[in-house]
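Subject: Structure handover

Hello,

Here is the structure I said I would pass on. Please look through it first; my notes come after it.

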Amino acid sequence: CKEFDAELKECNGEADHVHMLIQYPPTVQLSKLVNNLKSVTSRRMRNEFLDLRGNYTKPVLWSRSYFAGSCGGAPLEIIKQYIQNQQG
């Protein structure tokens, strides 16, 4: 996130996806930010958890798809609570 002048406000996930609340400037291209987060986390997790390498035939962990939604106007505390309450 630092590379994009962005800040991870909250993060949690479920078995098959991750929820993140990220604050980023309007000059950042969202697709580039998401792709960077996916590639960096995939590389770090595969290096930290070596058993992942044997379980995946491709050198990536994440699919190419993602969903991004705007929460302008919604109180950030409500969004954070939603993310915190996702079952992992």
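In which strand does Leu-8 lie? Leu-8 is part of strand β1, which covers residues 7–13. Please keep in mind that this is a predicted model.

Now the chain as a whole. It has three helices and two strands. Read from the N terminus, the order of the elements is β-β-α-α-α. The C-alpha trace spans about 45 × 30 × 20 Å along its principal axes.

Next, contacts and burial. If we take the contacts in the chain with a separation of 6 or more, 45% of them are between residues 24 or more positions apart. The chain has 88 residues, and 22% of them count as buried.

Then the surface. About 7000 Å² of the chain is exposed, and 52% of that area comes from carbon and sulfur atoms. Leu-8, Val-18, Met-20 and Trp-62 make a nonpolar surface patch of about 340 Å².

Back to Leu-8: is this residue buried, partly exposed or exposed? Its relative accessibility is 42%. Buried means under 20% and exposed means over 50%, so Leu-8 counts as partly exposed. Leu-8 therefore also passes the accessibility cut-off for a patch, which is over 30%.

Last, the charges. The chain carries 11 positive and 9 negative charges, and the mean positions of these two sets are 10 Å apart.

That is what I have on this structure.

Regards

Technical notes: Residues are numbered from 1 along each chain as its sequence is written. This is a predicted model: local features need pLDDT of at least 70, side-chain atom pairs count only at pLDDT 80 or more; totals for chains, interfaces and linings use all residues. Side-chain values use heavy atoms; hydrogens and water are left out. Patches are made of residues with over 30% relative accessible area and no salt bridge: like charges are joined within 9 Å, nonpolar side chains (Val, Leu, Ile, Met, Phe, Trp, Tyr) within 5 Å. Accessible areas come from the Shrake-Rupley method with a 1.4 Å probe; for residues, only the protein chains shown count as cover. A salt bridge is a side-chain nitrogen of Lys or Arg within 4 Å of a carboxyl oxygen of Asp or Glu. Helices (H or I, at least four residues) and strands (E, at least two) are DSSP runs, numbered from the N terminus. Buried means under 20% relative accessible area, exposed over 50%, partly exposed in between (1.4 Å probe, protein chains only). Contact means heavy atoms within 4.5 Å. Lys and Arg count as positive and Asp and Glu as negative; His and the chain ends are not counted. The place of a charge is taken as NZ of Lys, CZ of Arg, CG of Asp or CD of Glu.
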